[in-house]
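The following paragraphs lead the reader through a protein and its ligand. Please keep the sequence and the structure in view while reading.

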Amino acid sequence: MGTGWGEPPLTEQGAAQLKAWRTTTRSPGATRALGRLLGKVAKPQTSVCLIGDLGAGKTTFVQGLAEGLGISGPVTSPTFTIVSEYQGRLPLYHADVYRLGEAAAEEPLGLEEYFEGNGVAVVEWAEWVEPLLPDDRLTIRIERAGEANARVVEMAASGPRHRALLREVIRRWSDWQSTPRQQP
Ligand SMILES: Nc1ncnc2c1ncn2[C@@H]1O[C@H](COP(=O)(O)OP(=O)(O)OP(=O)(O)O)[C@@H](O)[C@H]1O
Ligand SMILES: [Mg+2]
C-alpha cells in the first residue's frame, strides 16, 4: 500500500502529499488524547488498523477514540467476543483478532461489513486480517520507545478519505502541542 513507513515526520508543508506521520507520546494519557482527537474528527466509514506488540497501547488508543466519539462506558479488550459495538456520535466497532491469530482472516467475523458501515471500525492486530482490510484506511503502528512510558505512534493513510482525516488529526495535534492546556 505504499505506506511510507520509515519516512521522516512530515512538516505542515508536506501535509498536502501526506501519507505517513509520526509522533511520540510520553504517557498512556497522551496516547489516549491522540485517540480522542481522532474520535472527534472521525467521519462515517472510518477504518482504523492498529498494529503493535502486546501492551504497546492499542487498546489505550481505542479508549481515547471512544471518548472522542462521546461513548461513556468503558472500552476493554474483548476477550470472548472478538468484536464489540458501542454507540456514540457514530457507532464504534472494536475488534481484537489476536486470539484468532493466523486463522483470523478465514473466520466469518463480518469485518468487511463493519468497514463498509457508517461508523468507525477499529481492528487490533490488523496484520492478521490483511486481506480483509479496505484500501482507504488509516494504519496506526504503536511501538515502545526508549523511555518506559514513551511510545512512537505512526499513522499512515491510504486513500483520499483517510488522508484528509489524518491531515485534520495532525493539524489539531500540532495546535494542542502548542497550547497544551486545551485538551484535544
Ligand atoms: N505512552 C503510552 N501509551 C500507551 N500506553 C502506555 C504508554 N506508556 C505506558 N503505557 C502502558 O502500556 C499498556 C498498554 O496496554 P494496552 O492494553 O493499551 O496495549 P495493547 O496494545 O492493546 O495490548 P494487547 O495487544 O494485549 O491488546 C498500559 O498498561 C499502559 O498504561
Ligand atoms: Mg489491546
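A convenient place to enter this predicted model is M155, which touches A20, W21, L138, I140 and L166 when residues up to four places away in sequence are left out of account. M155 and its partner I140 also appear together in a wider setting: the largest nonpolar core comprises 49 residues, and V122, V123, I140 and M155 are those with the most contacts inside it. The greatest contribution to this core comes from helix α1, residues 28-41, which provides five residues.

The overall architecture may be considered next. Four helices and seven strands make up the secondary structure of the protein. Read from the N terminus, the order of these elements is β-α-β-α-β-β-α-β-β-β-α. The protein has 184 residues, of which 42% are buried. Contacts between residues at least 6 apart in sequence can be sorted by their separation, and 67% of them join residues at least 24 apart.

Attention now turns to the ligand. Ligand 1 is surrounded by 20 residues, and the closest of these are T31, G57, K58, T59 and T60. Helix α1, already noted for giving the most to the largest nonpolar core, also takes part here: both α1 and α2, the latter spanning 58-68, supply at least two residues each to the shell around ligand 1. In chemical character, the residues of this shell comprise 10 polar, six nonpolar and four charged. Helix α1 thus links the two parts of this account, as a contributor to the core and to the surroundings of ligand 1.

How values were computed. Residues numbered from 1 in each chain as written. Chains lettered and ligands numbered in written order. Predicted model: local features only at pLDDT ≥ 70, side-chain atom pairs only at ≥ 80, totals over all residues. Buried ≥ 20, exposed ≤ 12 C-beta atoms within 10 Å, placed from the backbone. Contact = placed C-beta atoms within 7 Å. Core = buried A, V, L, I, M, F, W, Y, C linked by C-beta atoms within 7 Å. Near = placed C-beta within 6 Å. Nonpolar A, V, L, I, M, F, W, Y, C, P; charged D, E, K, R; others polar.
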